[in-house]
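This text walks through the salt bridges of one protein chain. Please keep the sequence and the 3D view at hand while reading.

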Amino acid sequence: MDTHHIPVLCDKVVDFLNPKPEGVYIDGTVGLGGHSAAILEISAPSGRLIGIDLDVDALTVAENRLHTFGERVSLINGNFAEMDVLLARHSVHAVDGILLDLGVSSLQLDTPHRGFSFNHTGPLDMRMNLGRGLESAKQATLTAMQVVNDSTIDVLVDIFRRYGEERFAKRIAERVVRARQQEPITTTTQFAEIVKKAVPQKTFKIHPATRVFQALRIHVNAELENLGAALDVAISLLKPGGCLCVITFHSLEDRIVKRCFQTCAKTCICPPKTPICICEHKSSVEIVTKRPVLPGGDETQHNPRARSAKLRVVRKL
């Protein structure tokens, strides 16, 4: 269990959410509970926090970390794309602020049997929920191992390009198919070595398997589809004046968040050449962060995994 977790951009998140003692707040990706603890501390003595996460192991850590806050905390094992349904089961229909901290946690990356990292030998799994039962219906069933060994070369190319923006997607997919004909690809380090051999060495700036591991993880957990649904649901749950804070870690996530926020902030979404507005669209939010908030040098020095983080915030009208 990770006892040294450092929540990314925590001070900024708390500033934007501005937790109040009478408020109800959602941490849609509670992870190891760092952001949640900060929200609960600021909203003392009576502010309430509901934490949602796909990962049962993370919830166990969060429960240990947050138990001192007593009944002010409720933790739910589920998919944040269905947070409206999950909250309704707990008689919550509107909230004062929401945080979505995307990506993988340090606990997941540093636990070999989860299969998220090529830095440790483990099974190619990558499911956020490990296939366990949830309050939510949406959960990953395929493992990364099944995707790598059973998908056609065209499907692999599409996954590596779409979710990893990998320029050598075809070469990697071809190498994967040849390798699995010799023996099944079952471990993280075995797969990473196959990818490494497919990529020209002179192009290495980061580990050559980085983007492919990201792509597989996103595909296995339907992360981008769930994110799009979660943003719409989160905005609908906010009370007027409440903020939605979203921390992303790669361009695909950030693009989805940026476009969603821009669309929700517009007063008209008609095609540009439409002479008169016929969409009847109304702004539901105002954009608080015109540009994403980035971690400072001190934070990235103490927490290197924060380097790629971007925080975007909207406020409900």
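Which residue forms a salt bridge with Arg315? The partner is Glu286, and the closest N and O atoms of the two lie 3.2 Å apart. This pair links distant parts of the chain: Arg315 belongs to strand β7, Glu286 to strand β6 (residues 285-287), and 29 residues separate them. The model in view is a predicted one. With a relative accessible area of 28%, Arg315 falls between the limits of 20% and 50% and is therefore partly exposed. Glu286 is partly exposed as well, because its relative accessible area is 37%.

A second bridge joins the side chains of Arg305 and Asp110, with 2.9 Å from N to O. Here too distant parts of the chain are linked: Arg305 sits in the loop between α13 (297-302) and β7 (310-316), whereas Asp110 sits in the loop between α5 and α6, 195 residues apart. Arg305 counts as partly exposed because its relative accessibility is 41%. For Asp110 the value is 39%, so this residue also counts as partly exposed.

The loop between α5 (106-109) and α6 (144-150) also holds Arg114, which pairs with Asp57 in helix α3 (residues 56-66), 57 residues away along the chain. In this salt bridge the closest N and O atoms are 3.6 Å apart. Both Asp57 and Arg114 are buried. The two residues are also part of a network of salt bridges that includes Asp55.

These pairs are among the 11 salt bridges counted in the model.

Conventions. Residues are numbered from 1 along each chain as its sequence is written. This is a predicted model: local features need pLDDT of at least 70, side-chain atom pairs count only at pLDDT 80 or more; totals for chains, interfaces and linings use all residues. Side-chain values use heavy atoms; hydrogens and water are left out. A salt bridge is a side-chain nitrogen of Lys or Arg within 4 Å of a carboxyl oxygen of Asp or Glu. Helices (H or I, at least four residues) and strands (E, at least two) are DSSP runs, numbered from the N terminus. Buried means under 20% relative accessible area, exposed over 50%, partly exposed in between (1.4 Å probe, protein chains only).
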